[in-house]
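Welcome, and please open the model in your viewer with the sequence alongside. We will move from one selection to the next and look at what is there.

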Amino acid sequence: MAERRFLTLADVGEILNISSSQTYALVRSGELPAIQVGGRGQWRVETRVLEEYIAKAYEKTASAVRNEADSTPLA
């Protein structure tokens, strides 16, 4: 079976291990790009976009850790 192109917010929350409200907040803030589809305006996140978001989160975290280590005074 081929990988799905789009994920529901519930799918995204499960993948990221976060609550549905946290997932919705990421989408509403624009931090995680998504589209609304159908008459009810249900949100969908493209699998590729989620993978890019995760990769950027790793980069951001690594940068923050490096900056914290650089600013820690030596004993």
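## First stop: a threonine and its contacts

Select Thr23 and show what surrounds it: leaving aside neighbours within four places in sequence, Thr23 is in contact with Leu9, Val12, Gly13 and Ile18. Keep in mind as you look that this is a predicted model. Thr23 belongs to helix α2. Is the residue buried or exposed? Thr23 counts as buried because its relative accessibility is 0%. Now show the polar atoms: the Thr23 side chain comes to 2.9 Å from the backbone oxygen of Ser19.

## Around helix α2

Widen the selection to α2, residues 20-29. Which residues of this helix are buried? Colour Thr23, Leu26 and Val27, which are the buried ones in α2. These three sit on the same side of α2, because the arc they cover around the axis is only 95 degrees. The spacing fits a general rule: an α-helix has 3.6 residues a turn, so residues three or four places apart point the same way. Turn the helix over and you will find Ser21, Arg28 and Ser29 exposed on the other side of α2.

Bring back the rest of the chain to see what lies over the buried residues of α2: the cover includes α1, β3 and α3. Before leaving, click on Gly30, which follows α2 and has a positive phi near 90 degrees.

## On to helix α1

Next, select α1, residues 9-16. Its buried residues are Leu9, Asp11, Val12 and Gly13. Leu9, Val12 and Gly13 should look familiar, since they are among the contacts of Thr23. What do the buried residues of α1 pack against? Display β1, α2, β3 and α3 to see their partners. After α1 comes Asn17, with a positive phi near 60 degrees.

## The sheet

Hide the helices for a moment and look at the strands. Three of them make an open sheet in the order β1-β3-β2, with antiparallel pairing. At the edges are β1 (6-8) and β2 (35-37), each of which pairs on one side only. Looking along the sheet, you can follow a twist that averages 45 degrees from one strand to the next.

Now bring α1 back: this helix packs on the sheet, where it touches β1 and β3, and its direction makes about 85 degrees with that of β1.

Zoom in on the pairing of β1 with β3, which is antiparallel and runs over three bridges. Here Phe6 stands opposite Glu46 in β3. Then move across to β2 and β3 (residues 42-46), also paired in the antiparallel sense over three bridges. Pick Ile35 and you will find Arg44 as its bridge partner in β3; pick Val37 and the partner in β3 is Gln42.

The hairpin of β2 and β3 has four residues between the strands, and Gly38 there takes a positive phi near 75 degrees.

## Last stop: helix α3

Finally, select α3, residues 47-71. Helix α3 lies across β1 and β3 and runs at about 65 degrees to β3. With α2 shown again, you can close the loop, since α3 is also part of what covers the buried residues of α2.

Note on methods:
Residues numbered from 1 in each chain as written. Predicted model: local features only at pLDDT ≥ 70, side-chain atom pairs only at ≥ 80, totals over all residues. Heavy atoms only, no water. Pairing = 2+ DSSP bridges. Helix = DSSP H or I, 4+ residues; strand = E, 2+ residues; numbered from the N terminus. Axes fitted to C-alpha atoms, helices over the stretch in contact; angles between N-to-C directions. Contact = heavy atoms within 4.5 Å. Buried < 20%, exposed > 50% of the residue type's maximum accessible area, 1.4 Å probe, protein only. Polar contact = N/O pair within 3.5 Å; in protein donor to acceptor, adjacent residues only side chain to side chain. Arc of directions from axis to C-beta.
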